[in-house]
Amino acid sequence: MKNSNKKVAIMGAGVSGLACAIELEKHGIFPDIFETNKHVGSRGFNHTLGWINLMYRPVKDPMLHLEKEYGIHLRAMEEIRRVNFYTANTSATLTGKLGYIHMAGPDERGIVPQLKSYVKSPIHYNAIVNFRELAKEYDHLVVATGTPEISKLLGLWKTDIAGYVRGGTVKGNFDPYTVGMWMNTDYCQSGYGYFVPWNDRKGSLILNMLEITNHAAGRLFDNFLKDINWDVEFEDYHETPHSIGHVKRHQIDNIYLVGLAGGFLDPLFAFGSIECLESGVAAARSIALGEDFTKLVHLWLRRNQQLLMMRRYVDKFKNEDFDRAFEIVKTPGFRSLVTKTDINIIYILSKLTNTFVGHKVDKVLW
Ligand SMILES: Cc1cc2nc3c(=O)[nH]c(=O)nc-3n(C[C@H](O)[C@H](O)[C@H](O)COP(=O)(O)OP(=O)(O)OC[C@H]3O[C@@H](n4cnc5c(N)ncnc54)[C@H](O)[C@@H]3O)c2cc1C
């Protein structure tokens, strides 16, 4: 079939769905995009997110990578030049060209509205569609809903982390280039708290918790705020489940699972913008060029397996373990690895965790 005759539907006009549409259009396919919301912008609330360069190794700079590989130029809110880590009894700082701050949500400065500006295909807003009907009606269906529900209905999903996120936008005085990260089992078990500035007056202060109900989340969030004792005023609050998992197969008949629905989120920190975006592009290439989708994304799958193994170790960490782990961050060797090389630190850290952590975990079965 000629590409221009292929009928493709995309469910979800978020990071992965729009990236898929952009790539399909390059190959002469103009998909129908169905979005439940009345606008683009993922979960509907604005918050900042961090793209930490070392998480994407061997890619050195994710922004340059997206531009060079896919012709997608995204404007960041700011660069990340410093990350302050806090554990129960110690703190560590990394400085250098460490990554980028982006906006998530409907705000025009956000990644998703920026991706939308590249798309010419129709986006059907307020759409309530049935994925089984779409799969019958179209030659291909790309599921990019940012949730695991359809993957679960297809019997392909396995949850690795049942995460819950609570946070909000805070006003105060901040360094616009500095991100903060807290790891302390007293309030986030093996999850973490983080702060990513919007500018020098505003930022997103968020707690990422695991295996928790929303009632307990409120209590832990209060404990987090009490512990860090920051002089800030909340402008708004938001909370959402944020489960991470993986799928047994990414393609079943004519249905592709991309973005979070396809498990393209890292199981250690639940970051995922870049791999979600690339999974959308990979689905488009598979549809347009007949390439094997799993092969196109195999590097992400391998990296996520390594990170899931690390997650299983970190799940058993006590505060002393977090303190010890961040002693590594303070060493000049680690700083040089981060700022002066392109070495795949995730791989090295996954091996180090294996060797130096006192407890053992079962091998991760994918
Ligand atoms: C609070 C929070 C903080 C995060 N922080 C970071 C970070 O710091 N760094 C990082 O890299 N990543 C971060 N992430 C992860 C990142 O935002 C997600 O990985 C990414 O947006 C997921 O992309 P996606 O395409 O799968 O889904 P989304 O971008 O969420 O898009 C899904 C779209 O599908 C629509 N939709 C849902 N159901 C349907 C349906 N049935 N029919 C039609 N449309 C539907 C939704 O409305 C939405 O527009 C964070 C996520 C959250 C929630």
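Here is a short walk through this predicted model, one selection at a time.

**Stop 1: the ligand**

Start by selecting the ligand and the residues around it. There are 35 of them, and the nearest are Gly12, Gly14, Gly146, Gly259 and Gly272. Try colouring this shell by residue type: you should get 16 nonpolar residues, 17 polar ones and two charged ones.

Now colour by domain. Domain 1 covers 3-46 + 105-161 + 243-306, while domain 2 covers 78-100 + 163-241 + 318-357. Both of them give residues to the shell, so the ligand lies between them.

Which elements each supply at least two residues of the shell? Look for helix H1 (15-26), strand E3 (47-52) and helix H8 (273-289). Strand E3 gives the most, with four residues.

**Stop 2: helix H8**

Select 273-289 next, the helix H8 that you just met at the ligand. Is H8 mostly covered or mostly open? It's mostly covered, with 14 of its 17 residues buried.

If you like, check the helix with a distance between its end C-alpha atoms. At 1.5 Å a residue, and counting one less than the number of residues, the 17 residues of H8 should span 24 Å; the ends are 24 Å apart, which agrees. Then step just past the end of H8 to Gly290, where phi is positive, at about 75 degrees.

**Stop 3: the sheet**

Go back to strand E3 and show its sheet. Eight strands make up this open sheet, and you can follow them in the order E3-E5-E4-E10-E11-E12-E9-E13, with mixed pairing. The edges are E3 and strand E13 (233-241); each has a single partner strand, so one side of each is left without a neighbour in the sheet. As you rotate the view, look at how neighbouring strands are turned against each other: by 30 degrees on average, ignoring direction.

Zoom in on one pair, strand E11 (residues 192-197) and strand E12 (residues 202-210). They run antiparallel to each other and pair over six bridges. For one of the contacts, pick Tyr192: its bridge partner is Asn208, in E12. Turn on hydrogen bonds if your viewer has them, since strands of a sheet pair through backbone hydrogen bonds.

**Stop 4: Val119**

Last, select Val119, which sits in the loop between helix H3 (111-116) and strand E6 (123-124). Why does Val119 count as buried? There are 22 other C-beta atoms within 10 Å, and the cut-off for buried is 20 or more. Add Leu24 to the selection too: Val119 and Leu24 are 95 residues apart along the chain, yet their C-alpha atoms are separated by 9.9 Å.

Key
Residues are numbered from 1 along each chain as its sequence is written. This is a predicted model: local features need pLDDT of at least 70, side-chain atom pairs count only at pLDDT 80 or more; totals for chains, interfaces and linings use all residues. A residue is near a molecule or strand if its C-beta atom, placed from the backbone, lies within 6 Å of it. Ala, Val, Leu, Ile, Met, Phe, Trp, Tyr, Cys and Pro count as nonpolar, Asp, Glu, Lys and Arg as charged, and the others, Gly among them, as polar. Domain bounds come from an automatic or database domain assignment. A residue is buried if 20 or more other C-beta atoms lie within 10 Å of its own, exposed if 12 or fewer, and partly exposed in between; C-beta atoms are placed from the backbone. Two strands pair if DSSP finds at least two bridges between them. Axes are lines fitted to C-alpha atoms, for helices over the stretch in contact, and angles run from 0 to 180 degrees between N-to-C directions.
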